[in-house]
Amino acid sequence: MKEKKFSELSQKDQDLLGAAEKAVEKAFNPGSGFVVGAALRSSDGEVFTGANIKISSTGMVACAEIVAFMAAHMAGKRKCDAIAVIARHGDRALEEPNLPCGRCAQIIHEFSQLGGQEITMIYSNTAKDRIVVGPV
């Protein structure tokens, strides 16, 4: 993965990151306040968003990336070209991009295989001044 500036992203990728940022507002994690938003773009340009949901029961978490992929899958979209993810911790900004957990990396990989193309991953810190971009 390569580090990029926000201005170096295409307009489509900037918009995708903006959709992920809006999705953060839908996240639910009252325990720690760590909230994540994701936006997944299908190959035909449709955008599906997701936000993390974590309840107090151990292991009961739905990552933002997983939620976005489920939404795309339920809409019949199998080919996706990019996913953008952004997070914050309560009212605090994250200085580093929050990279995918193993489960999310696996679903990104499997959807790229299913769609027959690499999915570009765009992971940003809260301020959008540290962004890492790359294929699965």
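How many disulfides does the structure hold? Zero. The points below start there, then turn to a helix pair and two single residues. Note that this is a predicted model.

1. **Cysteines.** With zero disulfides in the structure, the cysteine sulfurs deserve a look. Take Cys 80. The closest cysteine sulfur to that of Cys 80 belongs to Cys 104, and it is 14 Å away, too far for a bond. Cys 104 is in no disulfide either. For Cys 104, the nearest cysteine sulfur is that of Cys 101, at 3.6 Å. A disulfide needs the two sulfur atoms within 2.5 Å, so the pair does not count as one.

2. **Burial of the cysteines.** Are Cys 80 and Cys 104 buried or exposed? Cys 80 has 1% relative accessibility, so it counts as buried. Cys 104 is buried as well, with a relative accessible area of 1%.

3. **How α2 and α3 lie.** Helix α2 spans residues 64-74, and helix α3 spans residues 102-115. Their axes come within 9 Å. They cross at roughly 30°. Angles under 35 degrees count as roughly parallel, which means that α2 is roughly parallel to α3. The crossing of α2 past α3 is left-handed.

4. **What meets in that contact.** Which residues of α2 and α3 meet? From α2 come Glu 65, Ile 66, Phe 69 and His 73. From α3 come Arg 103, Cys 104, Ile 107, Ile 108 and Phe 111. By type, the residues of this contact are six nonpolar, one polar and two charged. Cys 104, from point 1, is thus part of this helix contact and is buried.

5. **Gln 106.** This residue is also found in helix α3. How accessible is Gln 106? Its relative accessible area is 39%, so Gln 106 is partly exposed. Gln 106 and Ser 57 are 49 residues apart along the chain. In space, their C-alpha atoms are separated by 23 Å.

6. **Lys 22.** Helix α1 covers residues 11-23, and Lys 22 lies in it. Is Lys 22 buried or exposed? Relative accessibility is 65% for Lys 22, so this residue counts as exposed. Lys 22 and Ala 39 are 17 residues apart in sequence. From C-alpha to C-alpha, Lys 22 and Ala 39 are 9.2 Å apart in space.

Conventions. Residues are numbered from 1 along each chain as its sequence is written. This is a predicted model: local features need pLDDT of at least 70, side-chain atom pairs count only at pLDDT 80 or more; totals for chains, interfaces and linings use all residues. Side-chain values use heavy atoms; hydrogens and water are left out. Axes are lines fitted to C-alpha atoms, for helices over the stretch in contact, and angles run from 0 to 180 degrees between N-to-C directions. Helices (H or I, at least four residues) and strands (E, at least two) are DSSP runs, numbered from the N terminus. Angles under 35 degrees count as roughly parallel, over 145 as roughly antiparallel, 65 to 115 as roughly perpendicular and the rest as oblique. A crossing is left-handed if the near helix is turned anticlockwise from the far one by less than a right angle, and right-handed if clockwise. Contact means heavy atoms within 4.5 Å. Ala, Val, Leu, Ile, Met, Phe, Trp, Tyr, Cys and Pro count as nonpolar, Asp, Glu, Lys and Arg as charged, and the others, Gly among them, as polar. Buried means under 20% relative accessible area, exposed over 50%, partly exposed in between (1.4 Å probe, protein chains only).
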